[in-house]
Amino acid sequence: MISREGKVKVTDFGIARAASANTINGNAMGSVHYISPEQAGGQYVDEKSDIYSLGITMFEMLTGKVPFDGDSTVSIALKHIQSNVPSIREYIPDIAVSMEKIVLKCTQNKAEKRYPKISLLIADLKRALSEPNVDFVQLDETPSGGSTVMITDDEINQIRKESGVIKKTEEQEDIDNDIDAVNPKMDKIVTIGGVVVGILALVAVAVIITAFWVNNSVKVSKNSYESESETIDPYMTVVPNVVGISADEAEKILHENNLGYKYESEMVYSDQFPEDYIVAQSETAGDVIEKNKTVILTLSKGAEKIQIPEEIEDAELEDATDTLEELGLKWEATYEYSSKTIGTVISCSPSEKASVSKNDVIKLTVSRGQQSTGEVQVGTIPNVLNKEEATAEEKITAANFDVGSVRYEYSDTVEKGYVIRQTVKSGGTAPLGTTIGLVVSLGPENGGKYSATYTFALEDLLDETGEPITQGSVSVLLNGLAQNVPEEYSDVSKWTEDFTIELTGDTKGKATIELLINGKIVKEDTVRLK
């Protein structure tokens, strides 16, 4: 059950006591529409039985109906035992082949032909998200010994007994009467409960898939890869993700998954991974490839080290900061009294020739001139970040400081013509007349245009009642701004196929797209501009 706040709650529908006409009870318990063949026949049940029921639930969620129905629990149970679940393609011709076969594998009549573990089902569901039209699901096509299944009289009596066809005991009648007295709609609730429990199972699968993705991005689970390998050809194996772990651990994991390895001749710098950790691998994690194939690994040299040049000390602050920024280094400046000229760098930390990474901040000590016995004229450095260039210069001049050199660079975050950085940190004090340089944004390097494509399907053309829209003026908005709609799609009456539109925007990342017909929104979604 999902609350209005989005919380997931597991609810007991009382199925153990309230057996309805559509519920098999006895040694095995469950709604007959979702019951596995072995469970209906009173045989041994295990994890594969739950996978069958989950497959039936997925079948219903995709098609809107259960695969087997009938006038009685016995007839439905016999269909589960004697018949194979039909392909979803009979109901949805354009269903992705991966999803079709995942459901087929879950609902195989014989338990040994299904997924042996839920983790293997999760692995295929995960792959189906990225490769929906790839036929990668392995089905067991071996014959099961004949198409005719004979049911003995004892088995049919057992099904009838468990389904409640045989007369109930007086004790069970009393229980049912008590339940009906409490809630006359209990039968309906129990039936709906079976569907909801199935949906909850799918929610759990989705949560596990998400957790699998997150976990797989930071570490490799040996057990998960060993489990996945059980569903594939014995000559194939699943590629593990070894990016972000040490070389020794990566070699061990690849060996356990029957894969060879070799390293790129050149190591690469990485701000993300330490030295001797894997930065990249030639085979995509999760792919199924031949055993003993060689995976090419790229090793990290650690963060790139940059040597602080010698010309920082005794240089003018602007010259020193220009040099540091050309090397990709960050810096901060503080002022002290000194016999050196105002604005001259006295020292830097770390010192010149020291090796640092790009994430390190170079601290510069700058001269504020000699300390006078009289009153020293100093001022507070103004903050001109994110100010227009002209406004920033006026603010600096008004504070009795001088505007130094102005440099320009591209920025995805600061609007064109606005200040990205100032050479003297704001908030502190410095002698009046100190030079303050500026770095001003040129805007995004690609001219401020990010792009994406999006396809509106003919099925999207529905009004608020669900009826198809056959005519009307078409417009598309991206973050509220109108996009160019080609003439052949300007009116719904002209649509002969799905409409793929080229989108452009000034902001990188997620954006909201809206399809409007005669000014009314009929489709809303999100896209990612790149």
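The paragraphs below go through a predicted model, taking a helix, two strand pairings, a surface patch and some backbone exceptions in turn.

Helix H10 spans residues 247–256, and its buried residues are Ala 247, Ala 250, Ile 253 and Leu 254. Viewed down the axis of H10, these buried residues fall within an arc of 125 degrees, so they line one face of the helix. That buried set packs against strand E4 (260–263), strand E5 (278–281) and E7. The face of H10 turned away from the buried side carries Asp 248 and His 255, both exposed. Just after the helix, Asn 258 has a positive phi of about 60 degrees.

Strand E7 (294–299), one of the packing partners of H10, follows a loop that begins after strand E6 (288–290) and contains Asn 292. Phi of Asn 292 is near 70 degrees, a positive value in a residue other than glycine. Asn 292 is exposed, with a relative accessible area of 65%. As background, most residues other than glycine have a negative phi, and most peptide bonds are trans.

The peptide bond between Ser 349 and Pro 350 is cis, with omega about 0 degrees. Pro 350 sits in the loop that connects strand E10 (345–349) to strand E11 (355–356).

Strand E9 covers residues 330–336 and has two unlike faces: Trp 331, Ala 333 and Tyr 335 make up the covered one, while Lys 330, Glu 332, Thr 334 and Glu 336 make up the uncovered one. In a regular strand the side chains alternate between the two faces of the sheet. E9 runs parallel to strand E12 (residues 361–367), and seven bridges join the two. Within this pairing, Thr 334 stands opposite Thr 365 of E12.

Lys 330 belongs to strand E9 and is on its uncovered face. Is Lys 330 buried, partly exposed or exposed? With a relative accessible area of 48%, Lys 330 is partly exposed, because the exposed class requires over 50%. Which residues does Lys 330 contact, leaving aside its neighbours within four places in sequence? They are Lys 358, Asp 360, Val 361 and Ile 362. Of the pair Lys 330 and Val 361, the C-alpha atoms are 4.9 Å apart in space, although 31 residues separate the two in sequence.

An antiparallel pairing is found between E22 and E23, which are joined over nine bridges. In this pairing Leu 516 has Ile 521 of E23 as its bridge partner. The two strands form a hairpin with two residues between them. Asn 518 is in the loop between strand E22 (509–517) and strand E23 (520–529). Phi of Asn 518 is positive, about 50 degrees, although the residue is not a glycine. Asn 518 is exposed, at 56% relative accessible area.

On the surface, Tyr 408, Tyr 410 and Leu 442 make a nonpolar patch of about 300 Å². Tyr 410 lies in the loop between strand E14 (402–409) and strand E15 (419–422). The relative accessibility of Tyr 410 is 46%, and the residue therefore counts as partly exposed.

Notes
Residues are numbered from 1 along each chain as its sequence is written. This is a predicted model: local features need pLDDT of at least 70, side-chain atom pairs count only at pLDDT 80 or more; totals for chains, interfaces and linings use all residues. Side-chain values use heavy atoms; hydrogens and water are left out. Helices (H or I, at least four residues) and strands (E, at least two) are DSSP runs, numbered from the N terminus. Buried means under 20% relative accessible area, exposed over 50%, partly exposed in between (1.4 Å probe, protein chains only). Two strands pair if DSSP finds at least two bridges between them. Patches are made of residues with over 30% relative accessible area and no salt bridge: like charges are joined within 9 Å, nonpolar side chains (Val, Leu, Ile, Met, Phe, Trp, Tyr) within 5 Å. Accessible areas come from the Shrake-Rupley method with a 1.4 Å probe; for residues, only the protein chains shown count as cover. A salt bridge is a side-chain nitrogen of Lys or Arg within 4 Å of a carboxyl oxygen of Asp or Glu. The arc is that of the directions from the helix axis to the C-beta atoms. Contact means heavy atoms within 4.5 Å.
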